[in-house]
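The exercises below concern salt bridges and helix packing in a protein model. Please examine the sequence and the structure before working through the solutions.

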Amino acid sequence: MEASSNGKRSIYCLRYFNSRICKCIAILLVIPLIVRAIFFPSISSFGRIEENGLVVVRNLSPFYGSDFGIRIDKFLEVPQIVWGLNNQKIAFARASLTARMLNRTLLMPSLSASLFYKEVERLEPISFDKIFQFEEFNSRCNGFVRLGRYMDISNRTNPMELSKGSGRKWTIERDLEQLNEYSKEPLDQSEVIRIVGKNPFLWHDHWPVKDYAKVFECLVLVDEIEKEADKVISRIREVGSEVRSKFNSDATDVKSEKSLQPVPYIAVHMRIEIDWMIHCKKLEQRSKINQICSSKEEIMNRVGNISGLTTPMVIYLAVADSLLNDSSILKGWKEGLLPFEKKKLGIDKIYKKYPYLIQSAIDYEVCLRADVFVGNSFSTFSSLVVLGRTQKLMKTGVEDLCGTNVRWPSYAYNILGDSNGPQKWISNMSDISLKKISYGSNDTSCQ
């Protein structure tokens, strides 16, 4: 009886298929298929498009929510992120871009409060949202990459594990092939894919600098850390104002328009601590490059030869804590250049409240926002500062980023530039990988 009834309904529908309503419904269903076939012939069911040899992920899932292009019902879990601040930022960005390639939301990873070989008691994980703003990240990176929380997972069963290969036989091609496999059925069915193995910083790199830069732009410090950085910068400019007042004996009570502007300062990321010197000497031997290490005397001389500096000028020395009691780093600078480190500025108490990771985040902001920055082109910290400053310059519309009158210039003191000063330095935003920034280079894009 039920079968007979169903048959009658089918005949009824067929009989009236030519009605206007049915025609309209049919047209509405067919048009999207035609448009997709014409304009997106290479899209698979998971929205993958090949563009210039790079994989661009587009989302065709009905569960995309507000972040169109990134599924919110599929997740990627990665190992704890370790090492220095900027190594961790690169590792985080690489994990985010891996999640993007798999068209998944990245589960908020754990960072590390300190270097793994120092402050062992503080090596316990620190949540991403204790350093960077979670909601702001998703807002800025909306549709590009997405962060999720573990509470978003609906199925608490064991995730699908993806083991990263290692060694010379694990090539970049094999790594990419593995990621492609996990982006398709049946491996893609799992709600959570967990990558096990080495630190994301050591994963193969499949993305151009501009993609990493986009992720870095979405990283905004939490208010507490941002305010601490503001205090440090205010103190540096305050000291600079006091110094200039003493030097300008003919200053009057009437302040000119120029004097109302923030007093400029130079930030120098001074890498001369013992463990760095051992590392860079070995690196020079392996790479046969002699422009990696710099003595404090060489740094002082080259910074002093930067053309166009208005003296007196305060120099903030971003140095390792081991150098804070070394008074020699404050002596030997060119007349008119007045060096200060956190202890001499009286702001060391701000830093002492926090573990290494947050201390480094504060120094990064101080260097990023300096009027002039000088660092080492083989330092990941310096390289990411320059990347951030290059992005700031590009937003101003300046065409010649290496010009003489560029706002926020950056220099590499380990490479000799004009007038025996340091070499002008910008990041090459068209590089196809982050290798030069991750591991250093003597190519500053301004030679």
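Three exercises on this predicted model follow, each with a worked solution.

**Exercise 1.** Determine how the side chains of Glu136 and Arg140 are paired, and where the two residues lie in helix 4.

*Solution.* Step 1: the two side chains form a salt bridge, with an N to O distance of 2.8 Å. Step 2: Glu136 and Arg140 are four residues apart in helix 4 (residues 134-140), and are therefore separated by about one helical turn. Step 3: an α-helix has 3.6 residues a turn, so residues three or four places apart point the same way. Step 4: Glu136 is partly exposed at 27% relative accessibility, and Arg140 is partly exposed at 41%.

**Exercise 2.** Classify Asp321 and Lys342 as buried, partly exposed or exposed, and state what their pairing connects.

*Solution.* Step 1: a salt bridge joins the two side chains at 4.0 Å, N to O. Step 2: Asp321 lies in the loop between strand 11 and strand 12 and Lys342 in helix 10, so the pair ties together parts 21 residues apart in sequence. Step 3: buried means under 20% relative accessible area. Step 4: Lys342, at 3%, is buried, whereas Asp321, at 45%, is partly exposed.

**Exercise 3.** Describe the span of helix 7 and the packing of its buried residues.

*Solution.* Step 1: helix 7 (residues 223-247) has 25 residues and reaches 36 Å from its first C-alpha to its last, close to the expected 36 Å. Step 2: its buried residues include Ile225, Val232, Ile236 and Val243. Step 3: the elements against which the buried residues of helix 7 pack include strand 10 (265-269), strand 11 (313-318) and helix 12 (356-368).

Technical notes. Residues numbered from 1 in each chain as written. Predicted model: local features only at pLDDT ≥ 70, side-chain atom pairs only at ≥ 80, totals over all residues. Heavy atoms only, no water. Expected span 1.5 Å × (residues − 1). Buried < 20%, exposed > 50% of the residue type's maximum accessible area, 1.4 Å probe, protein only. Contact = heavy atoms within 4.5 Å.
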